[in-house]
Structures are given as C-alpha cells and as structure tokens.
Amino acid sequence: MVFHDITLMFALTLAALIGAVMIAAIGKMSESALGARMWALGYSCLAVAYAINVFVSSEWNPARGFTYNTMLIAGHTWLLAGTWQFMNKPLPTRTISLLFISIFISTVIFTFLIPIRDVRLVTIGIWLIIVRTSFAYCLWQYANNNRYERTISRVAASLVLVEVLATLIYTTNGALGELPLIGKQSGTVAVITWLGALIGIMVGAPILMLLSTSRFIAELDKAAHHDPLTGLYNRRGFFYVIRPLLTIGARQHNNIHVLMIDIDNFKQLNDTHGHSVGDHVLEIAGETLATTVR
C-alpha cells in the first residue's frame, strides 16, 4: 500500500477542527456540559499539530517536530482530562501538570539535546498508549447508569482501544527505525496509523457530542420535572407520573389516592431561624421521602 501522508494529515486537520468547533458550541450552550470545553481544546490542539505537517516543508526540522509533538501531547491530555471531568471524577491539576511536564521534557531532550528519532517515537508512543488506555478505562468504567449514555461510552471506549492498537503498531515500527518522515510516501504501517487516528477523530468527536448532548437533555428533563431544592417531583412532574396511574386505575377499576403532607409550624420556623434553615428542613424532608417512599 502506498499513500501520501499529507492527504491524511489534511483530513485529520479538517476533522479535528470541525470537532473542536461543534463541541465548543455545546460547551457554550450549557455550563453543565462537563468536559466539553476541555474536549474542544484538545481537538483544537490536534488540529494545530496536524496542520503543521500540511502547510510546512516536507523536510523535517527540530522546531517543527517539537511543535507537532507538543500540540499532539497537549491535545490528548485535554481529551483525557475532559473525559474524567465528564464522568464527575476530575483529574487533579497536579496529575494534568505531570502528564504535560514529563513528556515535554522527554521531547525537548530527544529533539534538541539528543536528537534520536527512534527513541523519541517510542517515548511519545508509550505515553500515548498509557493516556489512551486511561481514556478507554474511564469511558468504560465510569459511564452513567443511564442505558443510552452507558452504551455510547462503551462504543467510544472500544474505538479508543482500536487507536491504542494502531499506536502500538506505530511505536513498534518506530523502535525498529522503519517509519519514513511525514511528507514522504509511506507504507502500510504509517497509513494504518493515520487512518486509525482519522477514524478516531471522525467517529470520536460525534460520540463525545452525543454524550454531552444526552447529559444536557437529561438535565433539562430533570429540571423540568423536579424541584431543585428537594429533588422531588414538581407540579409538572406530578402530572407526568399520575396520568399513567390514572389510566391504569380506570382500566382496572381501582382508586388512586393522593396523600398531602404539611410540615408543622414551617412559617414560624422560617420567621425565627431564617429561610436558609427552612430550606435545609425542606431538603431533609425531601431526602427522607425519597429514601422511604416509592
């Protein structure tokens, strides 16, 4: 198989840029779209990395290689951080800093001080394998109990594992010194690797958008049917639940009973201790009802 890397790099640049714009739009729509801004930043960095290899000379130079590797590393770091944040398990700032600094130092050493290409490829490849595996683990392990979101997360995790396999092949061949420079006509291994990255972006970005959108819609639905203070159904939610029960009751000739509960002396409690204490009492009452009554 013979193919020109520049064609794939252009496709990667375009796909990453479109993904960044679309996910950033979702992040703007809702503050609750956890991880969307980091994902958009990650795809932006990847777009810059791939664009470097499209719009510059095919002759490799240290500055170009350093910029490409730095943007590539930054992009995958932000994608990983955004995913952990989306799963409500944000990475500590220290961990994110270590991800950046460790590979940054290695890239500087093997680009400027000891310019050994094979060692540089292996170092970055191993780092990408670790980061992408963590990405897949997070998607698979911590997906929401929502069936739709869990299914999408596991499809995304499987896709990331395909990228890990492609990276492993690329890294192995890099260690053997069998990879041509970007911009030259390349063989099967390089083409498979870049195609894997392209599929990862073209499929991965829409999947991340679906995850953000599904979470956003679920939160809108919850806000429409639940009281924000107690977490119990509001008037709209009450009618949403009661209508099917009334239909079943009418069909089975059963009566439906509604129990109305009042908190004694609640106005006096508010007037004496303030509304913050009153709100806390309502929260406790709501939590008690939610955990003891269907």
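**Packing of helices H3, H4 and H5**

In the predicted model, Asn69, Leu72, Ile73, His76, Thr77, Leu79, Leu80, Thr83 and Trp84 of H3 are in contact with Arg120, Ile124, Trp127, Leu128, Val131, Arg132, Ser134, Phe135, Tyr137, Cys138 and Leu139 of H5. By character, the residues of this contact between H3 and H5 comprise 13 nonpolar, five polar and two charged. Helix H3 covers residues 62-86, and its axis comes within 9 Å of that of H5, the two crossing at roughly 15 degrees. Since an angle under 35 degrees counts as roughly parallel, H3 is therefore roughly parallel to H5. The handedness of the crossing of H3 and H5 is left-handed.

Helix H4 (residues 93-113) packs against helix H5 (residues 117-141) at an angle of about 165 degrees, and the axes of H4 and H5 lie 9 Å apart. With the limit for a roughly antiparallel arrangement set at over 145 degrees, H4 and H5 are therefore roughly antiparallel to each other. The crossing of H4 and H5 is left-handed. On the side of H4, the contact is formed by Leu99, Ser102, Ile103, Ser106, Thr107, Phe110 and Thr111, and on the side of H5 by Val119, Arg120, Thr123, Ile124, Trp127 and Val131. The residues of the contact of H4 with H5 fall into seven nonpolar, five polar and one charged.

The pairing of H3 with H4 also has an angle of about 165 degrees, with the axes of these helices 10 Å apart. H3 is therefore roughly antiparallel to H4. In this case H3 passes H4 in a right-handed crossing. From H3, the contact draws on Pro62, Ala63, Phe66, Asn69, Thr70, Ile73, Ala74, Thr77, Trp78, Leu80 and Ala81, while H4 contributes Ile96, Leu99, Phe100, Ile103, Phe104, Thr107, Val108, Thr111 and Phe112. Sorted by character, the residues of the contact of H3 with H4 are 15 nonpolar and five polar, with no charged residue.

Several residues recur in these lists. Asn69, Ile73, Thr77 and Leu80 of H3 appear in the contact with H5 and again in the contact with H4. In H4, Leu99, Ile103, Thr107 and Thr111 take part in the contact with H5 as well as in the contact with H3. For H5, Arg120, Ile124, Trp127 and Val131 are found in the contact with H4 and in the contact with H3. An α-helix has 3.6 residues a turn, so residues three or four places apart point the same way.

The region that precedes H3 was examined next. Asn61 is situated in the loop between helix H2 (36-52) and H3. With a relative accessibility of 32%, Asn61 counts as partly exposed. Although Asn61 and Thr111 are 50 residues apart along the chain, their C-alpha atoms are separated by 9.3 Å, and Thr111 is itself one of the H4 residues in the contact with H3. In H2, 13 of the 17 residues are buried, and the helix is thus mostly covered. At 1.5 Å a residue, the 17 residues of H2 should span 24 Å, and the distance of 25 Å between its end C-alpha atoms agrees with this expectation. Met38 is a residue of helix H2, and apart from residues up to four places away in sequence, Met38 touches Trp78, Leu79, Ala81, Gly82 and Gln85. The C-alpha atoms of Met38 and Gln85 are separated by 8.8 Å, with these positions 47 residues apart along the chain counted as their separation. Among the residues touched by Met38, Trp78 and Ala81 also belong to the contact of H3 with H4, whereas Leu79 belongs to the contact of H3 with H5.

Two residues in the loop between helix H8 (235-252) and helix H9 (266-273) have unusual backbone angles for their type. His253, placed in this loop, has a positive phi of about 60 degrees although it is not a glycine. At 72% relative accessibility, His253 counts as exposed. Asn265, also found in the loop between H8 and H9, has a phi near 55 degrees, again a positive value in a residue other than glycine. At 57% relative accessibility, Asn265 likewise counts as exposed.

Over the protein chain as a whole, there are ten helices and two strands, arranged from the N terminus on in the order β-α-α-α-α-α-α-β-α-α-α-α. Of its 294 residues, 39% count as buried. Among the contacts in the protein chain with a separation of 6 or more, 70% are accounted for by residues 24 or more positions apart.

Technical notes. Residues numbered from 1 in each chain as written. Predicted model: local features only at pLDDT ≥ 70, side-chain atom pairs only at ≥ 80, totals over all residues. Heavy atoms only, no water. Axes fitted to C-alpha atoms, helices over the stretch in contact; angles between N-to-C directions. Helix = DSSP H or I, 4+ residues; strand = E, 2+ residues; numbered from the N terminus. Parallel < 35°, antiparallel > 145°, perpendicular 65-115°, else oblique. Left-handed = near helix turned anticlockwise from the far one by under 90°. Contact = heavy atoms within 4.5 Å. Nonpolar A, V, L, I, M, F, W, Y, C, P; charged D, E, K, R; others polar. Buried < 20%, exposed > 50% of the residue type's maximum accessible area, 1.4 Å probe, protein only. Expected span 1.5 Å × (residues − 1).
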